[in-house]
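Colleague: Could you walk me through this model, one topic at a time? I'm new to this, so please explain the terms as you go.

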Amino acid sequence: MRPVPNPIAAVLFDLDGTLVDSAPDLALAAERMRAARGLPPLPLDRYRPHASAGARGMLDIAFGITPDAPVYEAMKQEFLASYAQGLLDTTHCFDGVDLLLAALHRHSLPWGIVTNKVDRFTTPLVAGFPQLAAAGTVISGDTTPHAKPHPEPLLEAARRLAVVPAACLYIGDDERDIVAGREAGMYTVAARYGYLGVEGRVDHWGADAHIDSPADLLKLLGLP
């Protein structure tokens, strides 16, 4: 583990799988599509590792279709419309997130959100949780011309918080989060409690540190 830069000027978070557990609502959106086609339900455990991939991941599990399929775009739009119906139905913050964010506020440490979720969904989701609405900046997947693993969304977050990237910590639960953070010159933390993708080989991502719960980040930062 590489030592945390001292001082840290800001903490940036991925959203799905890092701050909030949205896998159930993403899965339900795909399940509504399956039900409409007379297909039997699939368990949440099938969907969960793919939740960070959004529509692409859910459609792969639900129907076995990939972005190169001729029907993919139409299915994607149907999925997004289904997800919009219930994006706050069961989504909740991970245990310990409230205490973590309260501690950052108590220590006057700025924080923000950088997600690949497009603003159409990011804005109402963040607004649905008062503790998340206190973010100093929120960068969605369509805020800049690029999405993660490109570093630009993270660099834009640093600019909006008026901090240098090298003094930022970025935490996420997908390899692309670590790649983006590393390319942005930030200290990267892998959230092992998140979705982690299909293989979940977190130790191979090249993160500077790993945590098993949101509370572990406070220990990493040395905050009481």
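Colleague: Is serine 52 buried or exposed?

Modeller: Serine 52 is buried, because its relative accessible area is 12%, and buried here means under 20% relative accessible area, exposed over 50% and partly exposed in between, with a 1.4 Å probe and protein chains only. Keep in mind that this is a predicted model, in which local features need pLDDT of at least 70 and side-chain atom pairs count only at pLDDT 80 or more, while totals for chains, interfaces and linings use all residues. Residues are numbered from 1 along each chain as its sequence is written, and side-chain values use heavy atoms, with hydrogens and water left out.

Colleague: Okay, and where does serine 52 lie?

Modeller: Serine 52 lies in the loop between helix H2 (44-47) and H3, where helices (H or I, at least four residues) and strands (E, at least two) are DSSP runs numbered from the N terminus.

Colleague: What is serine 52 in contact with?

Modeller: If we leave aside neighbours within four places in sequence, serine 52 is in contact (heavy atoms within 4.5 Å) with Asp16, Asp173, Asp174, Arg176 and Tyr195. With aspartate 173 there is a side chain to side chain polar contact at 3.0 Å; a polar contact is a pair of N or O atoms within 3.5 Å, and within protein one must be able to donate a hydrogen and the other to accept it, while residues adjacent in sequence count only if both atoms are side-chain atoms.

Colleague: Moving on to H3, how many of its residues are buried?

Modeller: In H3, 7 of the 10 residues are buried, so this helix is largely enclosed by the rest of the structure. The buried residues are Gly54, Ala55, Gly57, Met58, Leu59, Ile61 and Ala62, and what covers them includes helix H1 (23-36), H2 and H4. Just after H3, glycine 64 takes a positive phi of about 70 degrees.

Colleague: Which residues that are not glycine have a positive phi?

Modeller: Serine 108 has a positive phi of about 55 degrees, and alanine 162 has one of about 60 degrees. Serine 108 is exposed, with a relative accessible area of 63%, and alanine 162 also counts as exposed, at 69% relative accessibility. As background, most residues other than glycine have a negative phi, and most peptide bonds are trans.

Colleague: Then where are the cis peptide bonds?

Modeller: One cis peptide bond joins asparagine 6 and proline 7, with omega about 5 degrees, and proline 7 is found in the segment before strand S1 (10-13). Another joins lysine 148 and proline 149, with omega about 20 degrees, and proline 149 sits in the loop between strand S5 (138-139) and helix H8 (152-161).

Colleague: Different topic: how many disulfides does the structure hold?

Modeller: The structure holds 0 disulfides, a disulfide being a pair of cysteine sulfur atoms within 2.5 Å. Cysteine 93 is buried at 12% relative accessible area, and cysteine 168 is buried at 0%.

Colleague: And which helix gives the most to the lining of the largest pocket?

Modeller: H4 gives the most, with 5 residues. A pocket is an open set of points on a 1 Å grid over the protein atoms alone, where a 1.4 Å probe fits and protein lies on both sides within 12 Å along at least five of seven lines, and lining residues have an atom within 4 Å of a point.
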